[in-house]
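Okay everyone, thanks for coming. Let me put the thing up on the screen, and then I'll walk you through one helix and a couple of ligand surroundings.

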Amino acid sequence: MKTKHLIKLGAFGISTVLFSRKKAILGTIILTDKCNLHCKHCSVNNLTAVMHPYAQIKKEMEVLYNQGIRILFFCGGETFLWNGEEKNTHPSTQSKITDGLREPCHNKTLRDLVIEAKKMGFYIVNVVTNGTFKIDLPEADLILLSLDGDRERHNIIRGDTYDTIMKNIDEATSDNICFYMAINKINRDCIKHVCEVAKNKPMVRAVSFNFHTPYPDTVELELNVEEKQHCCDEIGKLIDQDYPIFNLKTAFPYIVHNNFPTPCYQCVVMENGKLSICGRCIDVPGLCEKCGYFFAAEYTLLFSGKIKIAVDMLNTYLRYI
Ligand SMILES: C[S@@+](CC[C@H](N)C(=O)[O-])C[C@H]1O[C@@H](n2cnc3c(N)ncnc32)[C@H](O)[C@@H]1O
Ligand code: SF4
Ligand code: SF4
């Protein structure tokens, strides 16, 4: 991360705490909910299967940027499935079209979006993916790649994809991959395994954990407080042993007991023109009290002025971004 960006983020944090502001800094754009997988724990895939067009995504990026968002995530559905036609509206081209000489439209890809976002001025641009497509995205700051356990447990949750993902990681063109693991009843014994894989793959920088957030159709996968405590103890020990883990140990006690403030006003999500505070899950009644997303805890605690969280975040972000 550039020093000038770090200073500006620091200033944003200080003014948010001092004046109890509710302005957002982190935004997520959902490119599509279309997905090639149907993971056991996921409630947001293929609800509409609409691929949002390039012009719409670009507009959404501008709206977020103008609101002051500087950390941007692209999410899905599956982000690497996204492509968008850029409509050619130039008059000279239109006359050629009427002459029957149709110029090819430029098909925009995820990579174009990341480059566009960087050009627009976002400080950090991250992408979330299931890793089943070739990974050639050096322009992203982080590629959050979902790995949900060892081969057996990952495949139970995500279908037979583990070997494809490992091959794609080995052939990736940049070392900006960070594993993203949603810990649930099925894979809670795989924490160390995922950390070991991260440590041994040169293209993988770290692992970022979440707990399963129990949408109404996946409540059976939710961990209880004792199980969450056990997982956080294990992750904490792995952090102490210098495994590459992109989470804040100081936030664990709040995450285990779900006693962090929700929703997080410094995060927003944009899906098909609709802007929501915190996550798209905000509309699910009662879900915030059971939230498993570590970012929600980490950001609300940071912006409520917890010094230990701020120091932990600074150290962790400087290490991995
Ligand atoms: C919805 S997916 C979209 C991006 C991409 N398809 C993928 O799987 O990474 C984003 C992340 O949310 C996680 N996720 C899905 N449902 C979840 C839930 N109920 N609780 C916690 N994480 C969840 C997934 O495991 C994935 O890491
Ligand atoms: S790959 Fe991602 S979006 Fe697709 S079903 Fe799995 S978690 Fe959901
Ligand atoms: S706090 Fe609520 S809206 Fe925010 S991520 Fe958690 S469940 Fe979703």
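**One helix, two ligand shells**

So, starting with α2: the buried residues there are Y54, I57, E60, M61 and L64. If you look down the axis of α2, those buried residues sit within an arc of 125°, so they line one face of the helix. And yes, before anyone asks, this is a predicted model.

What's on the face of α2 turned away from the buried side? There you get exposed residues, E62 and N66.

Quick sanity check on the geometry. Helix α2 runs over residues 54–66, and at 1.5 Å a residue its 13 residues should span 18 Å; the C-alpha atoms at its ends are 18 Å apart, so that agrees. After α2 comes G68, and its phi is positive, near 100°.

Okay, on to the ligands. Around ligand 1 there are 20 residues, and the ones that come nearest are V128, N130, S146, A182 and T213. Which elements give two or more residues to that shell? Those are β5, residues 124–129, and β7, residues 177–183. By residue type, the shell around ligand 1 splits into eight nonpolar, eleven polar and one charged.

Now ligand 3. Here we have 13 residues around the ligand, with C278, G279, C281, C288 and C291 coming nearest. How does the shell around ligand 3 divide into nonpolar, polar and charged? For this one it's ten nonpolar, three polar and no charged.

That's my tour; happy to rotate the view if anybody wants another look.

Methods: Residues numbered from 1 in each chain as written. Chains lettered and ligands numbered in written order. Predicted model: local features only at pLDDT ≥ 70, side-chain atom pairs only at ≥ 80, totals over all residues. Helix = DSSP H or I, 4+ residues; strand = E, 2+ residues; numbered from the N terminus. Expected span 1.5 Å × (residues − 1). Buried ≥ 20, exposed ≤ 12 C-beta atoms within 10 Å, placed from the backbone. Arc of directions from axis to C-beta. Near = placed C-beta within 6 Å. Nonpolar A, V, L, I, M, F, W, Y, C, P; charged D, E, K, R; others polar.
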